[in-house]
Structure formats: C-alpha cells, structure tokens
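The following note is offered to a colleague who has the sequence and the model at hand. The points are numbered for ease of reply.

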Amino acid sequence: VTLDTLSVGDVVSKNVTITSGMISIFGDLIDDHAPVHFDQAFAVGQGFGGTIAHGFLVSSLISGLLGEKLPGPSSVINESRLKFHNPVICGDTIRCEVIIDRIVSSVGAIVLKVSVSNLESDLVFVSGTVTCSIPGVMNA
Amino acid sequence: MESKMSNEVLRALEPIFRDVFEEPDLVVTRALNANDVEKWDSLNHIALIVEIEMLTNISFTIDQLLDMSDVGDFADMLVAEGFLGDA
C-alpha cells in the first residue's frame with residue numbers, strides 16, 4: 001500500500017454476526033468474564049436485551065478492516081478516538097465501516113472515520129476516528 | 001506585523017501541542033523545537049502534523065516540514081499559507 005493508491009472517500013465495510021463463541025474467546029483472551037457478557041439473566045436484569053459483547057471486541061473488528069483492507073497491510077494504527085454509544089447484544093449482526101477522511105501525505109498518515117452500526121436498524125454502536133500511518137513514509 | 005500574526009498562530013497551536021505531548025502547561029514559543037519536548041518523537045510528530053492540518057485545513061509538503069527548524073518557522077509558514085490563528 002502506498003499513499004498514491006489511497007483517496008479521500010475510499011470506503012470499505014463488512015458485516016459480522018456477534019456470537020456467544022466470539023464473546024467467550026474474547027473474554028478468555030482479555031480476562032474479562034463479567035456476567036453481563038455471559039449470564040443471560042444477569043444481563044436482562046441490567047436492562048439489556050441479552051448478554052452483550054465486550055466493547056473492545058466490537059471495536060477490534062475495525063482493526064481487521066484497517067489491516068486487511070483500508071489502508072491495508074502496510075499500515076499501523078497511531079491513534080484511535082472512539083465513542084461507545086450502545087451495547088451490541090449477542091446475536092446482533094453489525095456493519096463495520098471505515099472511510100478515509102484525510103490523507104496527510106507529509107508524514108504518511110491517513111485519518112479515517114470509523115463506525116459500527118446495526119445492520120438492520122442503523123443504530124450506532126461505535127463511532128470515531130482512527131489515524132494510521134505507513135511506516136517508511138513517516139519520520140519527516 | 002508578521003511576528004504579531006505568528007504569535008496569534010502560536011496561541012492557536014498551543015492547545016494541540018499540549019494535548020499531543022501531554023504537557024498541559026507547555027508554553028509554545030517561536031524557539032520551541034523537538035529537542036525541547038521529551039515526548040516529541042516520530043509518532044507524536046505524526047499526531048502533531050495531523051492535528052495541525054485538521055485545524056488549519058492546510059496540507060504541508062515534506063519539503064516544507066524539512067525546512068523547519070523550530071515552531072517559529074512553522075508559524076511563519078502557516079501565516080504565509082493564510083492561516084492567521086482564528087480558525
């Protein structure tokens with residue numbers, strides 16, 4: 001990937017259904033087994049429609065888009081500024097999207113707007129901006 | 001006159017410098033440069049330039065950045081590009 005191949009407005013997305021298996025693996029990985037993620041009755045008692053995914057599980061799906069698609073395999077994350085607006089309920093199908101907002105060519109940086117929303121209702125779960133760079137172009 | 005405008009630019013840039021380098025009391029002067037700020041490394045340099053471009057809506061070239069030896073040079077360049085610190 002080079003900056004020349006990227007343009008403001010370039011966009012990629014993917015749809016993902018959040019499963020109990022994903023939540024279980026992620027909970028083990030980060031050692032977060034809070035009952036709101038695993039105990040249906042507890043989660044409902046907290047006012048949710050079911051167990052909810054870890055917020056960082058949801059936001060981590062954005063990382064896959066960044067590294068695999070846009071900007072692509074040569075890029076690394078420098079900064080993320082995310083807001084978690086609503087919880088993702090286990091079983092929800094979500095739409096993850098990244099779009100290039102600005103290219104700062106002098107330092108090899110790409111600013112992207114990112115979002116995760118419900119595929120069917122457009123309810124926004126996560127939104128924000130991420131700055132990536134392409135090593136080798138940076139270090140002005 | 002240009003110096004006065006540059007000082008206005010310095011004041012406009014100061015919140016960005018303080019945020020990027022996590023130094024809430026940092027005073028941005030014309031003489032400030034990377035040697036004066038402990039956290040002014042390559043990654044924070046990227047963050048700094050990104051934030052300044054976002055503030056000013058001015059895109060810099062690599063040559064412009066290489067020509068700068070301190071923040072004063074940067075402020076003068078921004079003034080020359082039409083940014084007066086009131087974005």
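In which strand of chain A is A:Phe84 found? The first point below gives the answer, and the others take up further places in the two chains. The model is a predicted one.

1. A:Phe84 belongs to strand E2 of chain A. With a relative accessible area of 41%, A:Phe84 is partly exposed, because the value lies between the 20% limit for buried and the 50% limit for exposed. When residues up to four places away in sequence are not counted, A:Phe84 touches A:Gly55, A:Phe56, A:Ser59, A:Phe125 and A:Val126. One of these partners, A:Gly55, is 29 residues from A:Phe84 in sequence, yet their C-alpha atoms are 7.0 Å apart in space.

2. Chain A as a whole may be described next. Its secondary structure consists of 4 helices and 5 strands, and these follow the order β-α-α-α-α-β-β-β-β along the sequence. Taken along the principal axes, the C-alpha atoms of chain A fill a box of roughly 55 × 30 × 20 Å. Chain A has 140 residues, of which 39% count as buried. Its accessible surface is about 6,800 Å², and carbon and sulfur atoms contribute 52% of that area. For contacts in chain A between residues at least 6 apart in sequence, 67% link residues at least 24 apart.

3. How do helices H1 and H4 of chain A cross? Two packed helices are described by the angle between their axes and the distance between the axes. The axes of H1(A), residues 20-30, and H4(A), residues 55-68, come within 10 Å and cross at roughly 100 degrees. The two helices are therefore roughly perpendicular to each other, since an angle from 65 to 115 degrees counts as such. H1(A) contributes A:Met22, A:Ile23 and A:Phe26 to the contact, and H4(A) contributes A:Phe56, A:Leu57 and A:Ser60. By class, the residues of this contact are 5 nonpolar, 1 polar and no charged. A:Phe56 is also among the residues touched by A:Phe84.

4. Two loops of chain A merit inspection of the backbone. The peptide bond between A:Leu70 and A:Pro71 is cis, with omega at about 5 degrees. A:Pro71 is located in the loop that runs between H4 and strand E2 (76-84) of chain A. In the loop between strand E4 (109-118) and strand E5 (124-133) of chain A lies A:Asp122. Although A:Asp122 is not a glycine, its phi is positive, at about 65 degrees. A:Asp122 counts as exposed, because its relative accessibility is 59% and the limit for that class is over 50%.

5. A comparable entry in chain B is B:Asn57, which is not a glycine and has a positive phi of about 60 degrees. B:Asn57 is situated in the loop between H2 and helix H3 (62-66) of chain B. Its relative accessibility is 58%, so B:Asn57 counts as exposed.

6. Is helix H4 of chain B largely enclosed or largely open? Of the 10 residues of H4(B), residues 71-80, 8 are buried, so the helix is largely enclosed by the rest of the structure. Among the buried residues are B:Val71, B:Phe74, B:Asp76, B:Met77 and B:Leu78. At the start of the helix, a side-chain oxygen of B:Asp70 comes to within 3.1 Å of the backbone nitrogen of B:Gly72, and B:Gly72 is itself one of the buried residues. Just after H4(B), B:Gly82 has a positive phi of about 105 degrees.

7. B:Asn33 lies in the loop between helix H1 (2-20) and H2 of chain B. Its side chain reaches the backbone nitrogen of B:Asn35 at 2.8 Å. Apart from neighbours within four places in sequence, B:Asn33 is in contact with B:Trp40, B:Ser69 and B:Asp70. B:Asp70 is the residue whose side-chain oxygen reaches towards B:Gly72 at the start of H4(B).

8. The last point concerns helix H2 of chain B, residues 42-56, in which B:Leu43 is found. B:Leu43 is partly exposed, with a relative accessible area of 44%. Its C-alpha atom is separated by 16 Å from that of B:Glu53, 10 residues apart along the chain.

Technical notes:
Residues numbered from 1 in each chain as written. Chains lettered and ligands numbered in written order. Predicted model: local features only at pLDDT ≥ 70, side-chain atom pairs only at ≥ 80, totals over all residues. Heavy atoms only, no water. Buried < 20%, exposed > 50% of the residue type's maximum accessible area, 1.4 Å probe, protein only. Polar contact = N/O pair within 3.5 Å; in protein donor to acceptor, adjacent residues only side chain to side chain. Axes fitted to C-alpha atoms, helices over the stretch in contact; angles between N-to-C directions. Parallel < 35°, antiparallel > 145°, perpendicular 65-115°, else oblique. Contact = heavy atoms within 4.5 Å. Nonpolar A, V, L, I, M, F, W, Y, C, P; charged D, E, K, R; others polar. Areas by Shrake-Rupley, 256 points an atom, 1.4 Å probe, with all protein chains shown as cover.
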